[in-house]
Amino acid sequence: MPGVRPADYNIDMYDAIRGTYTFACPSRGDTSVTLSAFRELERLPGAAHPAVYQIRFECPCGEVHPSLVSHDDLDWAPLGLVGGVFYNVMTSTLDSLADELSDLAARRIQAGDWPWSFFCYPEEQPRPVFPSAFFLLAPGDGSLGLAVRCPSCSRTSVNLVSHSHVDVPFHHDATVGVLEHVFPEDAAATIEEFRAELDSSSFDVRRLGLQ
Ligand SMILES: [Zn+2]
Ligand SMILES: [Zn+2]
């Protein structure tokens, strides 16, 4: 596909200090966006180590472009962690702040403080999550509609969250909007219903505290 980068280089796709991903834009060259600028994520079949996600992101140029992101860049790079463990290769491209960030992130996760969370509607409870479980994002009135495939029950929930809830690890909205809708298993039907339901007013407010 034109404009899509190969996914096997990776150290500098994510800037842990600025919290942005760098992708190719056909009109601007390189462009930097936060995770909340992603619109669709889909795990590609086949490539397992690391898994690769086909994403579409909303570019500052106004268009939506495709790109590829590795699982590590999605879930671990925002924490200054790569491969799920403390990883010192980052020191070659980032300054010592990134090391301190990753050390802190590792300790917080070990203490049960998860970097991302959402409210699972079928299970009626908050759940820890990583960005690779996000698969649709839609900006609305200052907030973001976020479709999550629950790592625990595998079903889909849609939350209304702040941009920071997605972009800033360990930032959790105190309450989120929860769409009271059970989605079908079928991915294409889910996407259609997601768009339709986002415009509805059937959101309920739930507390998100995991502790
Ligand atoms: Zn662009
Ligand atoms: Zn669930």
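Colleague: Which residue in S6 stands opposite glutamate 58?

Modeller: This is a predicted model, and in it strand S5 (residues 51-58) pairs with S6 in the antiparallel sense over 7 bridges. Within that pairing, the residue in S6 that stands opposite glutamate 58 is valine 64.

Colleague: Which glycine in the turn of the hairpin formed by S5 and S6 has a positive phi?

Modeller: Strands S5 and S6 form a hairpin, with 5 residues between them. In that turn, the residue with a positive phi, of about 100 degrees, is glycine 62.

Colleague: How many residues of strand S6 are buried?

Modeller: Strand S6 covers residues 64-70 and is described as mostly covered. Of its 7 residues, the number that are buried is 6.

Colleague: What is the arrangement of the 4 donor atoms around the zinc ion (ligand 1)?

Modeller: The zinc ion (ligand 1) is coordinated by Cys25 (SG), Cys59 (SG), Cys61 (SG) and His65 (NE2), at 2.1 to 2.3 Å, and along the sequence these donor residues are spaced C-x33-C-x1-C-x3-H. Because the 4 donor atoms subtend angles of 104 to 119 degrees around the ion, the arrangement is tetrahedral.

Colleague: Is cysteine 61 buried or partly exposed?

Modeller: Cysteine 59, a donor of the zinc ion (ligand 1), has a relative accessibility of 4% and therefore counts as buried. Cysteine 61, another donor of that ion, has a relative accessibility of 29%, so cysteine 61 counts as partly exposed.

Colleague: Which residue in S3 does cysteine 25 stand opposite?

Modeller: Strand S2 (residues 20-25) is joined to S3 by 5 bridges, and the two run antiparallel. Cysteine 25, which also coordinates the zinc ion (ligand 1), stands opposite a residue in S3 that is glycine 29.

Colleague: Which strands stand at the edges of the open sheet of 3 strands?

Modeller: This open sheet has the order S1-S2-S3, with antiparallel pairing. Two of its strands have a single partner strand each, so one side of each is left without a neighbour in the sheet, and these edge strands are S1 (14-15) and S3 (29-33).

Colleague: Which parts of the chain hold cysteine 120 and cysteine 150, two of the protein donors of the zinc ion (ligand 2)?

Modeller: The protein donors of the zinc ion (ligand 2) are Cys120 (SG), Glu123 (OE), Cys150 (SG) and Cys153 (SG), lying 2.1 to 2.4 Å from the ion, and they follow the spacing C-x2-E-x26-C-x2-C along the chain. Cysteine 120 and cysteine 150 tie together parts that are 30 residues apart in sequence, because cysteine 120 lies in strand S7 (residues 116-120) and cysteine 150 in the loop between strand S10 (144-149) and strand S11 (156-161).

Colleague: Is cysteine 150 buried or exposed?

Modeller: Cysteine 120 has a relative accessible area of 0% and is therefore buried. For cysteine 150 the relative accessibility is 3%, and since the cut-off for the term is under 20%, cysteine 150 counts as buried.

Colleague: How many disulfides does the count come to?

Modeller: Cysteines do appear among the donors of the zinc ion (ligand 2), including Cys150 (SG) and Cys153 (SG). A disulfide would need a pair of cysteine sulfur atoms within 2.5 Å, and by this rule the count of disulfides comes to 0.

Colleague: Why is the pair of tryptophan 76 and phenylalanine 130 called tilted?

Modeller: The structure holds 8 aromatic pairs. In the pair of tryptophan 76 and phenylalanine 130, the ring centres are 5.1 Å apart and the planes stand at 45 degrees, so the pair is tilted. Tryptophan 76 lies in the loop between helix H1 (71-75) and helix H2 (96-110) and phenylalanine 130 in the loop between strand S8 (125-129) and strand S9 (134-139), so the pair ties together parts that are 54 residues apart in sequence. The planes of a tilted pair lie neither under 30 degrees apart nor over 60, and the value for this pair is 45 degrees.

Colleague: Which residue does the charged end of arginine 108 sit over?

Modeller: Another arginine, arginine 149, lies over the face of phenylalanine 135, at 4.0 Å from the ring centre. The charged end of arginine 108 sits 4.1 Å from the centre of a ring that belongs to phenylalanine 170.

Notes:
Residues numbered from 1 in each chain as written. Chains lettered and ligands numbered in written order. Predicted model: local features only at pLDDT ≥ 70, side-chain atom pairs only at ≥ 80, totals over all residues. Heavy atoms only, no water. Buried < 20%, exposed > 50% of the residue type's maximum accessible area, 1.4 Å probe, protein only. Donors = N, O, S within 2.8 Å, 3.2 Å for Na, K, Ca; no water. Helix = DSSP H or I, 4+ residues; strand = E, 2+ residues; numbered from the N terminus. Tetrahedral: all angles 85-135°; square planar, octahedral: opposite > 155°, others 65-115°. Phe/Tyr/Trp six-rings, centres within 6.5 Å; stacked < 30°, edge-to-face > 60°. Lys NZ or Arg CZ within 6 Å of the ring centre and 35° of its normal. Pairing = 2+ DSSP bridges.
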